[in-house]
Every structure is written in structure tokens, then in C-alpha cells.
Amino acid sequence: MANGDDKAAHLPPKPRTVFALVATDPDRVVSAESMVDELWRENPPRTAVTTVQTYVGQVRRLIGALAGTTTDRIAERVLVTEGAGYRLSTDMIDIDVVAYTGLTRSGCAAASAGDHERAARLFRDALALWRGPALVNVETGTRLDAQVTRLSEARLSTLEHRLRAELNAGGHADLIGELAELVALYPLHEVFHEYLVLALYRSARRAEALGVLDSLRNRLRGELGLDLSPRLCVLQEAVLHDDQDLLSGGVGLGLSRSPTGTTR
């Protein structure tokens, strides 16, 4: 996800970090103290706060140049000083993370209303905003590392939601290849295994569906000393007994994570 990365790429490393701090937490004040901690950890220079002000000025000049307006206007309306910190306002500029959050929330609402095709489309649009790992070109400290983790988990959850919506919309046959790849990339990810089993079963590939669960069980036992979750055990029994409800029922997975990076 860009999260301002495209603009930040034109900045030196430390001003880029400052921009990332406000861009990943838009419309909220990020204190100058937090910026100092992120930039220099436990060894800030004596002029740290003044230097942060200089970096903020560089960010404002870049935004102003890209927006075709003055630095003063950016300071008044976009990257605003508030108290002992700075807030990036989204009133005048678009930030990917804001658009992403709006799309995923709309996707969840559509899925809850039973409009799975629209939900899948909205989740696809949200995922299309990602152009590589979050903040890949930014020097990160503790605060931004946490943001990277949050955003990466949110992206994975959005992917789960998109796959679920497409399965519920009847797209099982078209998903098998993608799900097989995801299972290979995330060999212990039970949601992707569940979806692959359902896609295979609904495509009249029952033996392969059972094979997916057997492979996962063997890996769990061999690497972690664990067995399949109760949910996957129920799914396995349903496939073994050729439960026809699996063909027509929705994907009954209650995801614990929301695609915006918060819990539900």
C-alpha cells in the first residue's frame, strides 16, 4: 500500500519517516516527541525537536509542489501543527490507507447484506491499492514497525474476506489455483486451507479436498505437535460424508479480524 509512499519517495530518509508517521495515522496528532523517538531511538541530538520542524517543512514543501499550492496553505490545511505535534488532514488530499479502510468497511457491509458479488468487488478494489509491502522504502522504528504489522495483517484479512465473498458468490472453480498458491505460501494458515477444501469439494474434487486436510494435519503434527482445529475436523467429516450442505451453503467462517486491522 502506498500510504503516501509515492510522495515520500521524493524525500530524504528522515523526512520520509516523518511523512510516514503522519500518513499512516491520518487526521490524528502525532507528537513531536514520538517523531524524535522514531527517528533517533535512544540517542536524539540536542536539536532534535528543531530538526523535526525542519523535516516537517520539507514534507510540506513537497506536498505543496505536488498539489500546486503554497507551503503556507499546506501548513494551514494539510500538514497542520497542533499543540506539540502534527496532524495530516485528509480534507484536501487523498491517502491510500483512508480509501482502503472505506472500501473494506463497505465490503463488509455488502457481505453482511448478502451481496457477495459487490463485497468481492469492493475487497478487490481495496487490495488493488497495495503496490508492495507497506512502508517498504521507509526507515522504521518501533511505532512504524507496529504500523507495518497492523497494515500487513489487515491486508491478509481483506484477502480472506475477498475469497470468502467470491466463494459465497459461486466462484469456487476459478479460485482453486489462487488458493493452492496461498496454501503453499502460508502452509499453516487454516482459513486458506478451509477455502481450498470447499472450492475443491464444490468442484467435484472430493478426494483432493480430503488430501488438503490430511497434508495440513501431517504438517501441524510434525512441526507443532498439534491436530486440526475443531472447525476443520467438522469440515473433514462433512466432506467424508458427502454433506450436500457444503455445495449450497455459504462459507461459515466467522473471521475474528476485520480487514481494517481491528478486531470484531
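In which helix is His193 found? His193 belongs to helix H10, residues 190-202, where helices are DSSP runs of H or I with at least four residues, strands are E runs of at least two, and both are numbered from the N terminus. The model is predicted, so local features need pLDDT of at least 70 and side-chain atom pairs pLDDT 80 or more, while totals for chains, interfaces and linings use all residues. Residues are numbered from 1 along each chain as its sequence is written, and side-chain values use heavy atoms, without hydrogens and water.

His193 is buried, at 4% relative accessible area (buried is under 20%, exposed over 50%, partly exposed in between, with a 1.4 Å probe and protein chains only). A polar atom of its side chain sits 2.8 Å from the backbone oxygen of His189. Beyond neighbours within four places in sequence, His193 contacts Val183, Tyr186, Pro187, Leu188, Val212 and Leu216 (heavy atoms within 4.5 Å).

Turning to the interior, the largest nonpolar core holds 38 residues; such a core is a set of buried Ala, Val, Leu, Ile, Met, Phe, Trp, Tyr and Cys residues joined through side-chain atoms within 4.5 Å. Val22, Met35, Val52, Leu79, Tyr86 and Leu88 have the most contacts inside this core. At least two residues each come from helices H2 (13-23), H3 (32-40), H4 (48-67), H6 (96-112) and H8 (142-168) and from strand S3 (85-88), with H4 giving the most, seven. A second, separate core of 31 residues includes Leu156, Leu159, Ile176 and Val212.

Finally, Leu226 lies in the loop between helix H11 (206-224) and helix H12 (230-240). Leu226 counts as partly exposed because its relative accessibility is 45%.

Conventions. A polar contact is a pair of N or O atoms within 3.5 Å; within protein, one must be able to donate a hydrogen and the other to accept it, and residues adjacent in sequence count only if both atoms are side-chain atoms.
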